[in-house]
Each structure stands twice: as C-alpha cells, then as structure tokens.
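Hi,

Here is the structure I promised to pass on, with the sequence alongside. My notes on what turned up in it follow below.

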Amino acid sequence: MATYSSWLELLKAAQKTALVQDGRRKIHYLFKDGQEMAEEYDLKSNDLLVRKWKKKRVLGGEGKWEFEIGEAFRPVNLDLEPFRESSSNPVFSRKDTKLSFQWRVRNLPYPLDTYNVTIDQDNRFIIIRTTNKKYYKKFNIPDLDRSNLPLEQSALSLAHANNTLIVSYKKPTEILDLETAVLAELKKLKSAGDGDMECKPS
C-alpha cells in the first residue's frame, strides 16, 4: 500500500498536462503504468472539484472515466431514453471541503435519526444504513488508502437538509499537509489557456 511520500512522488513523476478553462485549472496525469487521472481545481479558491481515473483495460482499448470526486454531467434525451432511471432515486456523489472529505446522497427524505453511519475497519469501508432499510451504501476513502492512514469513527459527522444526507469525514493532518504539497507542485506547472495545451514530464 502506498504512503504519503510515495503517493506524492508518483504525482511528481507523472507526465502532467495543465489547462486553464472555464474558471478551472485542469490537470491531466499520465502515470508510468498507463493509468490516467484528471483533476479540476477552482481557480479562485483552489478547491478540488473533480478527480477521475481511467485505467487500462486488460484486453486493450479505451477505458471509461470513473469519478472519485464530482460527478459526470450527461445530457438526457427523453425521446431516446424513455425508460431512464427515476430522478427520485438516491444519487451518491463526493464533494470535498477544505477540511473534510464529504459525500452527499440526494433524494433521501428521511429524518437524520434514520441514518446509521459506521466504519468497517477490516475492509476499510464507510457504511451508510437506514433504520427503515430503504438505503444502504458502502464506500472507501481512496485518499486514506493511498496514504495508508487509518479510518476513525470519531472523524465522521452527519447532517441532513433539503432531502440530502451529508456525510463528512474530518481530514487528518497528514492529508492536509499532502494537499498543500500537491497544490504547491501544481502551481509550478505552466498552464495553457483555453485551446492550448502545455505538457510537462516531471
């Protein structure tokens, strides 16, 4: 398993492409093993808005982007997709803050005391359950896995508003330090403007 320093070194060693577009700094990473990662930062706040991965397929060909932070926007044509998934189904996504990892589950109308959020230490999962058995979700925190940091039940907190469950996990000091170091590295990159690309092998 990776550690704080080894993950930072992997990012430094990756071939990186930087682009400023639509108020965001967009970074594309190509790792030595062929994996790709793309991140998008808000230019003003430096908040990380998107992180997604594309892994090489075993049989070759282009893999699909898988979102770790943020979510894909996909326009829907109702004429072509008359049986699309109901918009009232729960929608799970991650959107971090400066000090916390944060996940939102939209379309959950139940009161706060309905939810039970626990940590499975053995398998390194966070698990959301409801007392009415209407929703179940388990997920990990890749940032902690990459840095080989433990999961702490005391770091979890819950909130509920506007039919949305908000699960927060306080970032440990090691993660805050890592994010500061990564941002400092990214600011060294020369970012091209919209329509131009700048590539920098590190």
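Let's start with a turn: β11 and β12 make a hairpin with two residues between them, and N162 in that turn has a positive phi of about 55°. Before you go further, keep in mind that this is a predicted model.

The two strands of that hairpin, β11 (residues 156-161) and β12, pair antiparallel over six bridges. One of the matched positions is A161, whose bridge partner in β12 is T164. β12 also pairs with β7, again in the antiparallel sense, this time over seven bridges. There, W103 has V167 of β12 as its bridge partner. How much of β12 is buried? Six of its seven residues are, so the strand is largely enclosed by the rest of the structure.

There is a second hairpin for you to look at, made by β1 and β2. Strand β1 (residues 15-21) and strand β2 (residues 24-30) run antiparallel and are joined by seven bridges. V20 stands opposite R25 of β2. This hairpin has two residues between its strands, and D22 takes a positive phi near 55°.

On to the inside. The largest nonpolar core has 21 residues, and W103, I126, I128, I141, L144 and Y169 are the ones with the most contacts inside it. Four strands each supply at least two residues of this core: β7 (100-106), β8 (115-120), β9 (125-130) and β12 (164-170). Apart from it lies another core, of 18 residues, which includes W7, A18, Y41 and L183.

Now the rings. Searching the whole structure gives nine aromatic pairs. Take F92 and F139: their ring centres are 5.0 Å apart and the planes meet at 50°, so this pair is tilted. F92 is in strand β6 (residues 91-94) and F139 in strand β10 (residues 136-139), so the pair ties together parts that are 47 residues apart in sequence. Are these two rings buried or exposed? F92 counts as partly exposed because its relative accessibility is 27%, while F139, at 6%, counts as buried. F101 and W103 make another tilted pair, with 6.5 Å from centre to centre and 45° between the planes. Both F101 and W103 are buried. F92, F101, W103, F139 and Y169 together form one aromatic cluster.

Two lysines are worth a look while you have the rings on screen. The charged end of K137 sits over the ring of F92, 4.7 Å from the ring centre. Likewise, the charged end of K52 sits over the ring of W65, at 5.2 Å from its centre.

Next, helix α3 (residues 173-187). At 1.5 Å a residue, its 15 residues should span 21 Å, and the end C-alpha atoms are indeed 21 Å apart, which agrees. Which residues of α3 are buried? They are I175, L178, V182, L183 and L186. These residues cover an arc of only 135° around the axis, which puts them on the same side of α3. The exposed residues T173 and T180 are carried on the face turned away from that buried side. L183 is also among the residues of the 18-residue core.

Last, a few loop positions. Most residues other than glycine have a negative phi, and that is the background for the next two. R124 is not a glycine, yet has a positive phi of about 60°; you'll find R124 in the loop between β8 and β9. N148, also not a glycine, has a positive phi of about 55°. N148 is in the loop between α2 (142-146) and β11, and its relative accessibility of 43% means that N148 counts as partly exposed.

The loop between β9 and β10 holds K133. With a relative accessible area of 76%, K133 is exposed. How far apart in space are K133 and Y115? Their C-alpha atoms are 9.6 Å apart, and the two residues are separated by 18 residues in sequence.

If you want a place to begin browsing, try W103: this residue is one of those with the most contacts inside the largest core, belongs to the aromatic cluster and has V167 in β12 as its bridge partner.

Cheers

Definitions and conventions. Residues numbered from 1 in each chain as written. Predicted model: local features only at pLDDT ≥ 70, side-chain atom pairs only at ≥ 80, totals over all residues. Heavy atoms only, no water. Core = buried A, V, L, I, M, F, W, Y, C linked by side-chain atoms within 4.5 Å. Buried < 20%, exposed > 50% of the residue type's maximum accessible area, 1.4 Å probe, protein only. Phe/Tyr/Trp six-rings, centres within 6.5 Å; stacked < 30°, edge-to-face > 60°. Lys NZ or Arg CZ within 6 Å of the ring centre and 35° of its normal. Pairing = 2+ DSSP bridges. Expected span 1.5 Å × (residues − 1). Arc of directions from axis to C-beta.
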